[in-house]
Amino acid sequence: MSIRLTIDDVEVKAEPGEYVLAVARREGFAIPSLCHHESVAPIGACRVCLVQVTFGGKTTLSTSCNMLAEEGLQVVTDTPEVRAHRAMNLELLLARAPGSARVREMARQYGVTRTRFPQVAESALANCILCELCMRVCSRLGHDALSAIGRGDKKRIGPPFGTPSERCVGCASCRSVCPTACVFVRDTATSRTIWGKTFEFVLCKNCGAPVLTREHRQHALAHAGLPEDYYDVCEPCKQADAAGRFANVVW
Amino acid sequence: MTAFASSKDLDAYREKVVKSRPKGRREIAVCAGTGCKAFGSFRLLDAFRDELAVQGLDKKIVLRPTGCHGFCERGPLVLFFPEETLYQRVKPADVKEIVERTVKKGEVLERLLVEDPATGKKFRTEKEVPFYKHQRRLVLKNNGLINPNTIDDYIAIGGYSALAKALMMGPEAVLAEVKKADLRGRGGAGFPAGKKWEVCRSQPGDTKYIVCNADEGDPGAFMDRSVIEGNPHSVIEGMIIGAFAMGAHEGFVYVRQEYPLAVERLVLALLHAREHGLLGKGILGSGFAFDIKVKRGGGAFVCGEESALIASIEGRRGVPRRRPPYPAVSGLWGKPTNINNVETWANVPLIVGNGADWFRGIGTDGSKGTKIFSLVGKVNNTGLVEVPMGMTLREVIFDIGGGIPKGKKFKAVQTGGPSGGCLPESKLDIPVDFDTLVREGAMMGSGGMIVMDENTCMLDVARYFLGFLKSESCGNCTSCRDGLMRLHALVADICEGRGTEQKLALVEELAATVKASSLCALGGTSVNPVQSTIRHFRDEYMAHIRDRKCPAHVCKALITYSVNEKCNGCHVCARQCPQKCIAGEMKGMHTIDQQKCIKCGICNDVCRFDSISVA
């Protein structure tokens with residue numbers, strides 16, 4: 001730990017290349033965020049993790065998720081100005097995602113219980129806050145099945161060119177990281193529909209429950225070097241089987 | 001064509017070209033910039049070519065298409081040498097007479113001279129025309145003299161001699177000279193170019209890039225386009241010198257596809273430079289290698305922001321990223337990259353050629369040299385204006401621009417493009433330099449200058465720029481994307497008669513957040529138009545809100561047209577009304593059906609008796 005900085009007047013240490021938000025959270029300081037996920041590079045989209053930073057004699061506001069820790073940096077996580085701008089950004093987001101419990105709760109903590117802005121009407125995806133987490137995770141997993149389309153107030157997220165992507169394997173990782181749970185997934189006993197594309201499930205040879213989609217299986221086997229029969233049985237059945245064998249050995 | 005193997009070869013070639021052009025020979029220079037092209041200057045060139053051939057003069061007289069002269073509103077412009085007579089608004093129909101009288105006999109055709117709209121005085125040469133007289137043209141100086149499609153013209157006027165000098169001086173000395181000159185970036189922020197170069201030069205590693213930012217996207221701004229179209233080699237020479245100082249071997253010009261003529265001339269100029277050994281390996285026989293590629297952008301305003309520009313060159317979506325690290329440390333493909341704007345690069349050969357002291361002698365303490373502005377809007381002389389830093393807004397708008405047309409009153413000037421600010425009459429005497437403009441809530445930007453008269457509604461202006469920016473934001477940050485969308489809707493509400501004081505307060509509150517919490521300079525400066533108009537024209541906002549009136553009579557929802565007692569019943573308005581909502585007998589007083597009126601204002605425009613009242 002070669003970098004020393006202060007957060008709310010407490011001296012903390014950081015590794016070069018670490019971001020302020022990560023350092024702060026590790027050290028137990030609370031900074032709210034919506035578009036951040038530790039497995040992908042930060043883009044500073046939601047603007048909720050704003051903090052006050054003083055560096056080289058200059059004090060400004062900055063998002064903490066994408067700001068690198070620097071020697072001598074002074075971070076203040078809560079000032080009236082920081083609170084006011086976080087609140088305004090949350091009020092803007094609330095008009096985009098009124099259906100998101102997480103956004104509503106975060107806004108409430110900043111005294112925003114209703115938004116003065118009319119709800120965004122023409123949004124392609126209800127409650128989407130355009131944070132690109134789905135897209136970034138999809139890309140990180142090697143699928144690149146999602147993209148940002150258009151710019152400015154016309155920006156939206158979806159498969160490139162608005163047609164179902166041939167690269168999507170139906171893994172639904174996008175759904176699992178979405179801060180507003182707005183990615184629409186419809187699962188039946190044998191199939192999954194996501195981003196306008198329907199996938200067939202591989203069914204557990206033991207219990208018949210869905211394990212994962214065929215395309216996801218193919219992708220996972222190819223990339224993780226797993227044995228062909230790895231996904232033949234679902235995770236709960238595997239565990240039950242292992243538990244049974246273990247019990248036999250012990251008894 | 002053999003490449004120059006040394007600067008001696010270059011000098012010898014220059015001598016040869018100059019010798020082949022005897023002093024005082026007859027030349028016709030026709031502006032072939034985009035503005036004059038739109039006025040038909042390419043057809044005019046054809047007409048001159050044909051007429052000279054018919055009269056058997058095509059071998060004796062040189063016909064030269066040139067770059068933009070800047071006085072675009074009077075185009076097509078034609079200059080005659082050696083007399084330097086300037087004709088404006090020349091049409092192919094004038095060509096026969098011009099060749100017979102002006103070219104053959106040296107007579108001046110009064111009707112084609114530039115005239116002062118106020119006094120009616122005629123001017124024969126550029127030097128006499130007030131539009132040019134008060135300018136100090138350094139970067140634009142040669143635009144009207146050279147044919148941008150040939151390298152010979154540029155070499156003949158001393159082109160590439162600064163490069164030869166730089167190669168002699170060595171990279172450290174060149175860098176020192178540019179630093180000493182205090183050249184500040186012409187793209188908007190005014191960051192000292194020398195400092196940026198030094199950071200880039202001091203980075204470890206052999207791979208470095210330099211970039212010319214020609215993604216000029218401000219509505220109404222066309223100075224970078226005109227420099228590339230008119231004198232592409234000056235930009236190329238500046239880039240080669242910069243690359244030499246920084247130790248870069250590859251450069252890019254990022255130019256928007258909407259500038260087809262600039263792209264065409266730039267590509268041709270690069271080809272010529274390569275053929276002459278001015279680009280490529282062993283430039284002018286030195287050990288220095290450098291080449292330039294053209295990258296065409298899709299025309300997103302945000303790609304003028306340097307980190308978005310880098311993303312775009314790399315083939316990614318044009319979205320800014322957080323700086324630092326600055327491109328000078330980690331830019332294109334993670335390598336140190338120096339990005340300067342077109343005008344900055346074009347200043348480099350001037351500084352190296354004439355010396356830093358010469359450059360420092362022009363301008364103010366904090367801002368050296370000249371700046372090109374595109375002077376547009378409600379001003380008599382629109383066009384490109386290059387003035388020393390520190391000239392007052394009043395001098396630019398009234399002495400050079402010739403004041404406001406039709407005797408109307410000046411209301412505001414918007415400097416710095418869509419994210420610049422509007423300055424009222426009380427600020428007309430401030431000097432135009434980087435720091436003063438920022439202090440007054442406007443900015444230099446890339447040099448847009450939009451003049452507004454009393455018929456301009458400042459809310460309408462704010463709404464226009466917010467509308468532009470809400471579409472041109474990359475859409476990454478909540479504050480910029482949604483903030484601008486909301487600000488635009490709120491200001492539109494006020495313009496359309498739905499304004500309340502709460503809405504105005506929300507505009508101010510939201511604008512503060514957009515400014516403080518957006519990632520890049522686009523978001524950070526995007527609220528300047530709305531903040532500066534509220535700051536300087538709050539009364540006008542209040543008139544819209546409290547009185548439901550638009551004092552400038554622009555906002556349609558807040559104005560009514562009615563016929564007053566001066567009406568003599570000529571019926572012209574009724575005939576012209578697209579809604580057919582004006583009724584009245586011939587020679588009797590007319591009335592407007594307010595239910596049907598769409599407030600297009602045509603009745604007011606066509607009435608010759610001042611009998612339409614607007615309130």
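The following questions and answers concern a predicted model with chains A and B.

Residues are numbered from 1 along each chain as its sequence is written, and chains are lettered from A in the order in which they are written. Because the model is predicted, local features need pLDDT of at least 70 and side-chain atom pairs count only at pLDDT 80 or more, while totals for chains, interfaces and linings use all residues; side-chain values use heavy atoms, with hydrogens and water left out.

Biologist: What area is buried between chain B and chain A?

Modeller: In contact terms (heavy atoms within 4.5 Å), 29 residues of chain B meet 33 residues of chain A. The size of an interface is often given as the accessible area lost when the parts come together. Here that buried area, taken with a 1.4 Å probe and summed over both parts, draws 50% from carbon and sulfur atoms, and the total is about 2600 Å².

Biologist: Which residue of chain A forms a salt bridge with Lys470(B)?

Modeller: A salt bridge is a side-chain nitrogen of Lys or Arg within 4 Å of a carboxyl oxygen of Asp or Glu, and four of them are counted between chain B and chain A. In the one formed by Lys470(B), the closest N and O atoms are 2.7 Å apart, and the partner is Asp153(A).

Biologist: Which element gives the largest share of the side of chain B that touches chain A?

Modeller: Between the two chains there are 17 residue pairs in polar contact, both residues being at pLDDT 80 or more; such a contact is a pair of N or O atoms within 3.5 Å, where within protein one must be able to donate a hydrogen and the other to accept it, and residues adjacent in sequence count only if both atoms are side-chain atoms. The elements of chain B that give two or more residues to this side are helix H18 (458-472), helix H19 (478-495) and helix H20 (501-517), where helices (H or I, at least four residues) and strands (E, at least two) are DSSP runs numbered from the N terminus. The largest share, eight residues, comes from H19(B).

Biologist: In the open sheet of chain A with the order E8-E9-E10-E11, which are the edge strands?

Modeller: The four strands are paired in the antiparallel sense, two strands being paired if DSSP finds at least two bridges between them, and the twist averages 30° from one strand to the next. E8(A) and strand E9 (residues 191-194) are joined over three bridges, and three bridges also join E10(A) to E11(A). The strands that pair on one side only are E8 (185-187) and E11 (210-213) of chain A.

Biologist: Which residue in the turn of the hairpin formed by E10(A) and E11(A) has a positive phi?

Modeller: Leu203(A) has Pro210(A) in E11(A) as its bridge partner, and helix H6 (residues 214-224) of chain A lies across E10 (197-203) and E11, running at about 75° to E11(A), with axes fitted to C-alpha atoms, for helices over the stretch in contact, and angles running from 0 to 180 degrees between N-to-C directions. Six residues stand between the two strands of the hairpin, and the one with a phi of about 85° is Gly208(A).

Biologist: Why is one side of E2 and of E4 in chain B left without a neighbour in the sheet?

Modeller: The open sheet has the order E2-E1-E3-E4 with mixed pairing, and its twist averages 20° from one strand to the next. Helix H3 (residues 41-54) of chain B lies across E1 (27-31), E2 and E3, at about 160° to E1(B), whereas helix H4 (residues 95-105) lies across E1, E3 and E4, at about 35° to E3(B). One side of E2 (62-66) and of E4 (85-87) is without a neighbour because these strands stand at the edges, each with a single partner strand.

Biologist: Where in chain B does Pro76(B) lie?

Modeller: The peptide bond from Gly75(B) to Pro76(B) is cis, with omega near -10°, and the bond from Pro324(B) to Pro325(B) is also cis, with omega near 0°. Pro325(B) is in the loop between helix H13 (306-313) and strand E10 (337-341) of chain B. Pro76(B), for its part, lies in the loop between E2 and E3 of chain B.

Note on methods:
Buried area is the accessible area (1.4 Å probe) that two parts lose on being put together, summed over both.
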